[in-house]
Structure formats: C-alpha cells, structure tokens
Amino acid sequence: ARPAPGGPPGAGASAVELRRLLAARDEEAATLRTVLRDVIEGKEELVSGALAIEGRLAGKLAGKDEEADAAAGAMRAEIESLGEKLREASESRGEAEERASMLEVRLKEEQDRNSSLEEEMEG
C-alpha cells in the first residue's frame with residue numbers, strides 16, 4: 001500500500017522512498033529556516049528603522065519645544081514692552097489733557113482780560 005501524498009509512509013515503503021521523503025522534508029525545513037531567518041531580519045530592520053525614526057522625531061520635537069519657548073519668551077517681552085509704551089502714552093495723555101485744561105483756563109482768563117480792557121477803552 002502506498003502512503004497518501006504528504007502523509008506518513010506505510011510499513012511497506014522502500015528505503016529509496018523513505019530517503020526521497022526525508023530529502024524533501026529536509027529541503028522544506030531548510031526553506032522554512034530561510035524564510036524564518038528573513039522574517040526575523042526583516043523584523044529587526046523594521047524595529048531598528050522605527051527606533052531611528054523615533055529618535056529623529058524626538059530630536060525634532062525637542063527642537064520645536066526650544067523654538068516655541070524662545071518664541072513665547074520673545075512674545076512676553078514684546079507684550080511687556082507694549083504695556084510699558086501704553087502706560088507711558090496714558091501718562092503723556094493725562095499730562096497733555098492737564099496742560100490743555102490749564103491752557104483753556106489761561107485762554108479764558110486772557111479773553112476776560114481782553115474784554116475788560118476793550119470795555120475800558122470804549123468807556
């Protein structure tokens with residue numbers, strides 16, 4: 001009786017058939033070892049590549065964090081500068097309004113003095 005293809009050989013299998021089956025199995029095992037080795041190497045390359053990408057991204061993110069911190073610091077300095085300019089402008093405005101008010105009072109006084117002088121000259 002012949003064994004089923006791919007199945008175990010029967011009791012009456014000849015030594016030649018057994019050797020042929022063993023050689024085929026050895027060849028299949030060698031192919032599987034090669035495939036597994038390739039898969040493992042591919043996995044190692046994938047992991048190595050992923051680690052390299054992660055490292056580059058971490059470096060870029062660190063650089064972005066430094067850039068963001070520097071930009072935020074510059075913005076804070078600009079805000080402080082603008083706040084100081086606004087305070088100065090408010091003070092200047094207050095001083096200008098005060099001067100304008102004083103000038104209006106003096107103008108009114110001068111107008112009153114001119115009116116009284118005109119009245120004296122007419123009278």
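This section describes the salt bridges and a charged surface patch in a predicted model.

A search of the whole structure found 4 salt bridges. Three of these pairs are described here in turn, each with its spacing along helix α1 and the accessibility of its partners. In general terms, side chains of opposite charge can pair when their charged atoms come close.

One of the pairs is formed by Glu 84 and Arg 87, whose closest N and O atoms are 2.9 Å apart. Both residues belong to helix α1, where a separation of 3 residues places them about one turn of the helix apart. Glu 84 has a relative accessibility of 37% and therefore counts as partly exposed. Arg 87 is likewise classed as partly exposed, because its relative accessibility is 46%.

A further salt bridge joins the side chains of Arg 93 and Glu 97, with an N to O distance of 3.1 Å. These residues are 4 residues apart in helix α1, so about one helical turn separates Arg 93 from Glu 97. The two partners fall into separate accessibility classes: Arg 93, at 58% relative accessibility, counts as exposed, whereas Glu 97, at 45%, counts as partly exposed. The assignment of Arg 93 follows from the cut-off, because exposed residues are those over 50% relative accessible area.

The side chains of Lys 108 and Asp 112 also meet in a salt bridge, here with an N to O distance of 3.4 Å. Lys 108 and Asp 112 are again placed in helix α1, and because they are 4 residues apart, the separation amounts to about one helical turn. Asp 112 has a relative accessible area of 42% and is partly exposed. Lys 108 is also partly exposed, its relative accessible area being 47%.

Apart from the paired residues, a patch of negative charge was identified on the surface. Asp 38, Glu 41, Glu 44 and Glu 45 gather in this patch. Among its members, Asp 38 lies in helix α1, which spans residues 15-122. The relative accessibility of Asp 38 is 46%, so this residue counts as partly exposed. Membership of a patch requires over 30% relative accessible area and no salt bridge; Asp 38, at 46% relative accessibility, is therefore above the area cut-off for patch membership.

Key: Residues are numbered from 1 along each chain as its sequence is written. This is a predicted model: local features need pLDDT of at least 70, side-chain atom pairs count only at pLDDT 80 or more; totals for chains, interfaces and linings use all residues. Side-chain values use heavy atoms; hydrogens and water are left out. Patches are made of residues with over 30% relative accessible area and no salt bridge: like charges are joined within 9 Å, nonpolar side chains (Val, Leu, Ile, Met, Phe, Trp, Tyr) within 5 Å. Accessible areas come from the Shrake-Rupley method with a 1.4 Å probe; for residues, only the protein chains shown count as cover. Lys and Arg count as positive and Asp and Glu as negative; His and the chain ends are not counted. The place of a charge is taken as NZ of Lys, CZ of Arg, CG of Asp or CD of Glu. Helices (H or I, at least four residues) and strands (E, at least two) are DSSP runs, numbered from the N terminus. Buried means under 20% relative accessible area, exposed over 50%, partly exposed in between (1.4 Å probe, protein chains only).
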